[in-house]
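These exercises practise reading salt bridges and a chain interface from a structure. Each task is followed by a solution that goes step by step.

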Amino acid sequence: MAKKTYDLLFKLLLIGDSGVGKTCILFRFSDNHFTTTFISTIGIDFKIKTVELRGKKIKLQIWDTAGQERFHTITTSYYRGAMGIMLVYDISNEKTFDDIVKWLRNIDEHANEDVEKMILGNKCDMEEKRVVSKERGEAIAREHGIRFMETSAKSNINIDRAFSELAEAILDKSAGREADADHARIAVERRPSRAPPARACCS
Amino acid sequence: MSEAEITTNTGDSPNDLVENGLNKLVVKCKYCGSKILDKKLGKYILQEKELPLMQQDTRKEGEIQNEKVNQFYHVENMFTFDNIGFTHTVDCYKYLSCADCDAGPVGYYDMNSKHSYVALSRIEHA
């Protein structure tokens, strides 16, 4: 029998308007990387990455939307089983930032309600073309109680950190759930001894 | 990718790389050193498969150049990998690539069996 090589598995999604750099976050086109024409032509569907957090070996399965967002066809099937969502906008494109609210609504409609979210202001290497300030990004994240980070897939700024933080947030949440489950079980087990003796009240 | 006869004959496995039918060393990306598979997690098999070349000749437009590959590490569960990328599906296969630098194909994933195969010639042992 094959032994299990990890402790936890988290499915993560990249969401946002087309052109914000989701594919670049997953598939790092850049000068110093070796990118073959074959792989770039076909495109990456998903990646598996291993991170270690608090002594736990965690496998991240990270999915791209594969252009579905262009046709507004991101539905329940794409969100199924997702534990974390990276909501991406482009700091040099106002509309992609405005659409964050739309995407949050879409997530509320289709994703699991306790999915962990994080907003990424991507392309932060393009300071000269910036139209969305970092403060506005932070403000919208605060408003919705979500984590926020500015990233650059091109310059490899904060990408790995963003994924580790999202994974850590999911880990915190699942640890909370485990504790809750234990608590619930204990409560159930105790109930019979605390319950008053059964009596017929309306005989 | 063209199908070829599959043999699981491991009689003449390279001793310096394979031990008890499994990869003796860590499997890494040839180009960036990203860790793909930990030691002893891939089963060494011999099978002839055609894999697209990692570097395609761009002058030959619309034509994919392949080569025959014989030695693979067979991985049943995709989550056994440390870091790996999966391309979109082409004829019931997904191609495997380095999760850090996107070099590939380093092998393929069979959509029917859901098993992965890493080509020994496309990776580095460390």
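**Exercise 1.** In this predicted model, decide whether Asp172(A) is buried, partly exposed or exposed, and then describe the salt bridge that Asp172(A) forms.

*Solution.* Begin with the accessibility: Asp172(A) has a relative accessibility of 38%, so Asp172(A) counts as partly exposed, because that class lies between the limits of 20% and 50%. Next, look for the partner, which is Arg54(A), with the closest N and O atoms of the salt bridge 2.7 Å apart. The two residues come from distant parts of the chain, since Asp172(A) belongs to helix H7 (residues 159-194) of chain A while Arg54(A) sits in the loop between E2 and strand E3 (56-63), and they are 118 residues apart. Finally, classify the partner: Arg54(A) has a relative accessible area of 52% and is therefore exposed.

**Exercise 2.** Find the salt-bridge partner of Asp45(A), and explain why this pair joins two chains.

*Solution.* The partner is Lys94(B), and the closest N and O atoms of the two residues are 2.7 Å apart. Asp45(A) lies in strand E2 of chain A whereas Lys94(B) lies in strand E9 of chain B, which means that the pair joins two chains. As a last step, check the accessibility, which shows that Asp45(A) and Lys94(B) are both buried, that is, under 20% relative accessible area.

**Exercise 3.** Describe the contact between chain B and chain A, beginning with the number of residues on each side.

*Solution.* First, count the residues: 34 residues of chain B are in contact with 27 residues of chain A. Then take the area, of which about 2600 Å² is buried between the chains, with carbon and sulfur atoms giving 62%. On the side of chain B, the residues that lose the most area to chain A are Phe79(B), His88(B) and Asp102(B), which together make up 28% of what that side buries. Asp102(B) also takes part in a salt bridge with Lys47(A), at 2.9 Å from N to O. Between the two chains there are 3 salt bridges, and 13 residue pairs are in polar contact. The side of chain B that touches chain A consists of 19 nonpolar, 10 polar and 5 charged residues.

**Exercise 4.** In which sense do strand E2 of chain A and E8(B) pair?

*Solution.* Strand E2 (residues 44-53) of chain A pairs with E8(B) in the antiparallel sense, over 4 bridges. To locate one of the partners, start from Ile48(A), whose bridge partner in E8(B) is Ile84(B).

Key: Residues are numbered from 1 along each chain as its sequence is written. Chains are lettered from A and ligands numbered from 1 in the order in which they are written. This is a predicted model: local features need pLDDT of at least 70, side-chain atom pairs count only at pLDDT 80 or more; totals for chains, interfaces and linings use all residues. Side-chain values use heavy atoms; hydrogens and water are left out. Contact means heavy atoms within 4.5 Å. Buried area is the accessible area (1.4 Å probe) that two parts lose on being put together, summed over both. A salt bridge is a side-chain nitrogen of Lys or Arg within 4 Å of a carboxyl oxygen of Asp or Glu. A polar contact is a pair of N or O atoms within 3.5 Å; within protein, one must be able to donate a hydrogen and the other to accept it, and residues adjacent in sequence count only if both atoms are side-chain atoms. Ala, Val, Leu, Ile, Met, Phe, Trp, Tyr, Cys and Pro count as nonpolar, Asp, Glu, Lys and Arg as charged, and the others, Gly among them, as polar. Two strands pair if DSSP finds at least two bridges between them. Buried means under 20% relative accessible area, exposed over 50%, partly exposed in between (1.4 Å probe, protein chains only).
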